[in-house]
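Please work through the following exercises with the sequence and the model side by side. Each one sets a task and then gives a solution in steps.

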Amino acid sequence: MADRSPTSSEFQAPLSHITNPISGNQFFVWREFLWGGIAGGFGEGMMHPVDTVKTRIQSQAILSGSQNQKSISQMVRSVWAADGLRGFYRGVTPGVTGSLATGATYFGFIESTKKWIEESHPSLGGHWAHFIAGAVGDTLGSFVYVPCEVMKQRMQVQGTIKSWGSILMKDNICVKSNLQMYGYYTGIYQAGSSIWREQGLRGLYAGYWSTLARDVPFAGLMVMFYEALKDLTEYGKQRWIPSLNSYVNISIEGLVLGGLAGGFSAYLTTPLDVIKTRMQVQGSTARYNGWSDAVRKIWMTEGMTGMFRGSIPRITWYIPASALTFMAVEFLRDHFNEKLENDDNTQEIASLSIEKKGSIREVA
């Protein structure tokens with residue numbers, strides 16, 4: 001029997017697909033879910049104190065019904081005087097938990113769906129594909145994020161048990177605003193079980209549609225702005241400073257562009273955030289009977305100022321939070337994707353080599 005050795009073309013044919021480890025048949029890019037979850041939790045944990053100030057500012061009308069509401073500096077001093085550092089970190093556990101979930105689905109679905117959208121629906125390509133991918137990813141994360149957000153914001157408003165009791169007594173909330181306020185929450189488990197016992201699933205998903213009304217456009221706008229700024233930056237580098245690629249780290253680029261994208265998107269969606277916060281904080285006896293009723297009452301009693309209340313701390317939170325999140329994602333992609341892909345390629349090459357040796361023996 002003639003001995004036939006394999007030619008180089010025979011080896012290359014089965015190996016040609018290895019250059020692109022994410023094949024067309026693999027829809028989900030699992031690494032992006034992992035990187036997104038880590039980055040989302042990291043960004044939330046770092047910026048939680050600013051979010052606490054924003055939440056308290058936006059919820060003042062619910063708690064006291066007063067039009068003489070505190071400024072940012074007054075609120076910071078108030079939280080520090082009443083609760084110290086602990087007050088700024090109340091609700092951090094449900095906050096990080098929710099951000100882990102929404103970060104994973106957000107970045108995972110952005111990378112998994114935007115290429116599919118561009119290929120299957122060319123008319124929705126480019127920035128529209130980014131908008132849709134971001135909106136879909138954030139919507140899927142909302143099933144975990146919204147209950148965590150409800151718990152987080154109620155715990156942020158309460159502060160420590162001492163300050164929550166003094167707020168109820170000082171402002172006489174139950175009588176003044178006809179609200180049956182919830183008890184003090186000691187942690188994420190006690191908060192979740194208490195809300196479930198008192199209000200059921202409806203309580204845990206309070207303000208769900210207003211959350212989607214805020215987060216879907218925010219998520220879509222942020223990734224659209226980010227990709228547009230990346231394209232603009234790349235064009236600028238190639239057009240005017242071609243050598244800049246050698247000096248600009250991709251993580252630093254993600255930090256700057258992510259911060260800008262988050263800031264723009266946060267400001268544009270502030271009115272939606274005010275409505276969501278009011279509906280989630282109000283308790284079991286509703287002051288606002290639905291999203292449209294909240295819009296009408298806030299506009300009538302507080303005007304444009306009320307609709308954009310808390311915009312400065314919201315932007316102050318989102319610029320660094322988005323910057324840190326995108327920086328973390330780009331860092332993880334840059335440092336681990338290539339290594340993981342190389343490991344996958346090595347394993348595939350090794351297995352193909354074994355298979356090829358077996359076929360050579362059969363031919364022999």
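For sorting residues by class, Ala, Val, Leu, Ile, Met, Phe, Trp, Tyr, Cys and Pro count as nonpolar, Asp, Glu, Lys and Arg as charged, and the others, Gly among them, as polar. The model is a predicted one.

**Exercise 1. The lining of the largest cavity**

Describe the largest cavity by its volume, and state how its lining divides into nonpolar, polar and charged residues.

Solution. Begin with the count: the structure holds one cavity of 30 Å³ or more, and the space in the largest cavity comes to about 470 Å³. This largest cavity is lined by 27 residues, of which S99, T102, F218, W317 and Y318 are the closest to its centre. Next, sort the lining by class, which yields 10 nonpolar, eight polar and nine charged residues. Finally, ask which helices take part: α2 (30-58), α6 (92-120), α7, α11 and α15 each supply at least two residues of the lining, and α15, with seven residues, gives the most.

**Exercise 2. The overall fold and confidence**

Find how many helices and strands the protein has, and decide where the predicted coordinates call for caution.

Solution. The secondary structure consists of 15 helices and zero strands. Of the 364 residues in the protein, 48% are buried, and among contacts between residues at least 6 apart in sequence, 82% join residues at least 24 apart. Turning to confidence, the mean pLDDT of the protein is 77, with 73% of the residues reaching 70 or more. Over residues 1-25 the pLDDT stays under 50, and the model has 22 contacts beyond four places in sequence for this stretch. The pLDDT is also below 50 over residues 359-364, a stretch with five contacts in the model beyond near neighbours in sequence. Where pLDDT is low, the predicted coordinates should not be read in detail.

**Exercise 3. Salt bridges within one helix**

For the pairs K152 with E149 and D293 with K297, give the N to O distance of each salt bridge, and explain how far apart the partners lie along their helix.

Solution. Side chains of opposite charge can pair when their charged atoms come close. The structure holds 14 salt bridges, and one of them joins the side chains of K152 and E149, with an N to O distance of 3.1 Å. Because K152 and E149 are three residues apart in helix α7 (residues 127-158), about one helical turn separates them. Both partners are described alike in their surroundings, since K152 is buried and so is E149.

The second pair is D293 and K297, whose side chains meet in a salt bridge at 3.3 Å, N to O. D293 and K297 are four residues apart in helix α14 (residues 291-307), so about one helical turn separates them. D293 is buried, with a relative accessible area of 11%, whereas K297, at 27% relative accessibility, counts as partly exposed.

As a last step, place the first pair in a wider setting: E149 and K152 belong to a network of salt bridges that also links D51, K54, R214, D215, D273, K276 and R314.

**Exercise 4. A salt bridge between two helices**

Explain what parts of the chain the salt bridge of K230 with E330 ties together, and state whether each partner is buried or partly exposed.

Solution. The closest N and O atoms of K230 and E330 are 3.6 Å apart, and the two residues form a salt bridge. K230 lies in helix α11 (residues 208-240) and E330 in helix α15 (residues 311-363), so the pair ties together parts that are 100 residues apart in sequence. K230 is partly exposed, with a relative accessible area of 24%, while E330 is buried at 3%. Beyond its neighbours within four places in sequence, E330 is in contact with Y226, K230, I250, S251 and G254.

**Exercise 5. The surroundings of L100**

Locate L100, and list which residues it contacts once its neighbours within four places in sequence are left aside.

Solution. L100 has its place in helix α6, where a relative accessible area of 40% makes L100 partly exposed. With those neighbours left aside, L100 is in contact with G37, I38 and G41. For G41 the separation can be stated in two ways, as L100 and G41 are 59 residues apart along the chain, yet their C-alpha atoms are separated by 4.8 Å.

Notes:
Residues are numbered from 1 along each chain as its sequence is written. This is a predicted model: local features need pLDDT of at least 70, side-chain atom pairs count only at pLDDT 80 or more; totals for chains, interfaces and linings use all residues. Side-chain values use heavy atoms; hydrogens and water are left out. A salt bridge is a side-chain nitrogen of Lys or Arg within 4 Å of a carboxyl oxygen of Asp or Glu. Buried means under 20% relative accessible area, exposed over 50%, partly exposed in between (1.4 Å probe, protein chains only). pLDDT is the predictor's confidence in each residue, from 0 to 100. Contact means heavy atoms within 4.5 Å. On a 1 Å grid over the protein atoms alone, a cavity is a set of points where a 1.4 Å probe fits but cannot get out, and a pocket is an open set with protein on both sides within 12 Å along at least five of seven lines; lining residues have an atom within 4 Å of a point. Grid points are joined across faces, edges and corners, and a volume is the space filled by probe spheres set on the points.
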